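Welcome, and please open your viewer. We will go from one selection to the next, with a short note on what is there at each stop.

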Amino acid sequence: MVSQTTAPAPAKTPPHLSPPVYASGELAALAARHGLTVSGARPTLAAYVRQLWGRRHFITAFATAKLTAQYSQAKLGQIWQIMTPLLNATVYYFIFGILMKTKHGVPDFVPFLVTGVFIWTFTSSSITAGTRAISGNIGLVRALHFPRASLPISLALQQLQQLLFSLGALVLILLAFGQYPRPSWLLAVPALALQAVFNTGVSMVMARLAARTPDIAQLTPFVLRTWMYASGVMWSMDKMLAGDRVPHWVKLALEANPAAVFIDLMRFALIDSFGGDQLPPHVWAVAAGWALVCGAGGFIYFWKAEESYGRG
Amino acid sequence: MAESRIPTVVVDDVHITYKVNGARTGRGSATSALSRIASRRQIPGVREVHAVRGVSFAAYKGEAIGLIGSNGSGKSTLLKAIAGLLPASRGRVHTHGQPSLLGVNAALMSDLTGERNVVLGGLAMGMSRAEIRERYDEIVDFSGINEKGDFITLPMRTYSSGMGARLRFSIAAAKNHDVLLIDEALSTGDARFQQRSKARILELRQQAGTVFLVSHNNKSITETCDRALWLEAGRLRMDGPAKEVMAEYEHFTKKR
């Protein structure tokens, strides 16, 4: 410890101005008598959930505000909401469909690819947003008191809103390629709900990690890119894993990969030629398990450091 | 101590120590960072600063308390601890409700318009949409942002620092806080805004809140506060009526 300044010279303090001397425990007893709480203490999990529910309007309003502010500096404005995913899909189609010809043996390759890209983008951008949830809103965190989980939840919600724009584009593409609405499209709703819960959980984990170690944000893009190539966004995992070329445990791991599971569920729901035989076994149970474990686990993990966000 | 007074903030023998990372040498160079990681040795230049050394006091409903002391005496650190933003290394801070700290540096959401900031700030503080709608005009008028044109619909990053600080104060002051902590926020506004904020602080006190004010403007302390705490080198030196403590403080600073 470094002593900063020397103690001030003893001043002639008038007696009525000198700070009162308290007996040990006197102040604590005073605080207890009037029901004061310790400042900066973490609320219980139940109280935290209640506080969060109290801020639900903040969560939704913050998500919408961020969504509209996103392209506010661009001349075309909100058109980019739909243009960005479409351009993304075009780039992937050019590389993987035309140059590398990964479409071999995949019927309806364009709907297959676009669904994969949009669903993957939902997860990857939620996680990227999560790493910036605390560090990117540090002014807000330091200025106002609110349950901090509002931020990653709100940003995940923003990504869900963004996805709904993309789904509008996806429906147009599906119609253009001869995929017409049928009852199985309704399965998209539970699939997306599970994916949204999963995303929110993971982004809360990332928010806590990146709040403590900002370097995480630099690392995330590389991890995400690796994960993308392992998730069958641009090719059929089912075809790649066919035969005995890959060891059994790799096959199991790739089939349990949450991103691949959510992508496959969406393809199964929306694309005629993507049949149930291409889905890994127990796919709904796996999806629900990921959502539950990551959603609840991520929330508790984030809450455990609630009192430390924005400090220092 | 009269039991008829209700305490809102009880600071019980609080010590605050924090680590300063900026003091280390060679932080910017990648090679030095690598060798530091590789050798796992104690990072040179990380210093522990003992900013607050055993401060105790109780604040009561309806009080406005000025914190005075020379630069680096621990005033802002103590405010952060009361707000729950810095952990006390020893001792405890007990508060009634959640204190709100208003600093000059806190930006809200700079890429959003002032309008959105008012609404989102209000929602974040736990106000309902109806409450915000009701008080919206009041907040904007109070901040004086629209006095020179329609600035409230511009993104907050286009505001001058004074405008930003005024809007932040207006948002935070819109809610009735049990405990409001103000760190130099008033000194950023112009004279008319300072008049308005003084009136608002008085109102908050009458609604049985407690206001803490850190300022180097001696006049604004004596005009706004009825009690003053004088911190010097992290220790509480005097505690009493604002005018008397301020007189002693002015006498002390002149002597040096």
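Helices here are DSSP runs of H or I with at least four residues, strands are runs of E with at least two, and both are numbered from the N terminus. By that count, chain B has 8 helices and 9 strands. Keep in mind throughout that this is a predicted model.

**Stop 1: chain B as a whole.** Select chain B and colour it by burial if you like: 46% of its 256 residues count as buried. Among its contacts with a separation of 6 or more, 74% are between residues 24 or more positions apart.

**Stop 2: the sheet.** Now show the strands of chain B. An open sheet of 6 strands runs in the order β5-β6-β7-β3-β8-β9 (chain B), with mixed pairing. The edges are β5 (100-102) and β9 (235-241) of chain B; each has a single partner strand, so one side of each lacks a neighbour in the sheet. From one strand to the next, the twist averages 20 degrees.

Zoom in on residues 64-68 and 210-214 of chain B, which are strands β3 and β7; they pair in the parallel sense over 4 bridges. Which residue of β7(B) is the bridge partner of B:Gly66? Label B:Leu213 and you have it.

**Stop 3: helices on the sheet.** Add helix α2 (residues 75-82) of chain B. This helix lies across β3, β5, β6 (179-183), β7 and β8 (227-232) of chain B, at about 150 degrees to β7(B). Next add helix α6 (residues 191-206) of chain B, which packs on the sheet and touches β3, β6 and β7 of chain B. The direction of α6(B) makes about 145 degrees with that of β7(B).

**Stop 4: a bent helix.** Select residues 129-143 of chain B, helix α4. Its 15 residues reach 20 Å from first C-alpha to last, close to the 21 Å expected at 1.5 Å a residue. Where does α4(B) bend by about 50 degrees? Look at B:Arg135. The buried residues of α4(B) are B:Ile132, B:Ile139, B:Phe142 and B:Ser143, and they pack against α3, α5 (161-174) and α6 of chain B. Just after the helix, B:Gly144 has a positive phi of about 70 degrees.

**Stop 5: where the chains touch.** Bring chain A into view. In this contact, 51 residues of chain B meet 41 residues of chain A. On the chain B side, the elements giving two or more residues are β1 (7-20), β2 (47-60), β4 (90-95), α3 (114-124), β9 and α8 (242-255) of chain B. The largest share, 7 residues, comes from β2(B). By character, the residues on this side of chain B divide into 27 nonpolar, 11 polar and 13 charged.

Strands also pair across the chains: β1 (residues 37-38) of chain A runs antiparallel to β4(B), joined by 2 bridges. Select A:Val38 and B:His94 to see one pair of bridge partners.

Step back to A:His34, in the loop between α1 (26-33) and β1 of chain A. A:His34 counts as partly exposed because it has 18 C-beta neighbours inside 10 Å. Leaving aside neighbours within four places in sequence, A:His34 is in contact with B:Ile6 and B:Pro7.

**Stop 6: a helix in chain A.** Finish with α13 (residues 283-303) of chain A, whose 21 residues reach 30 Å from first C-alpha to last, close to the 30 Å expected at 1.5 Å a residue. Its buried residues include A:Trp290, A:Phe299 and A:Trp303. Among the elements covering the buried residues of α13(A) are α7 (150-176) and α8 (188-212) of chain A.

Methods: Residues numbered from 1 in each chain as written. Chains lettered and ligands numbered in written order. Predicted model: local features only at pLDDT ≥ 70, side-chain atom pairs only at ≥ 80, totals over all residues. Pairing = 2+ DSSP bridges. Axes fitted to C-alpha atoms, helices over the stretch in contact; angles between N-to-C directions. Contact = placed C-beta atoms within 7 Å. Nonpolar A, V, L, I, M, F, W, Y, C, P; charged D, E, K, R; others polar. Expected span 1.5 Å × (residues − 1). Buried ≥ 20, exposed ≤ 12 C-beta atoms within 10 Å, placed from the backbone. Bend = angle between axes of the 7 residues up to and from the residue.
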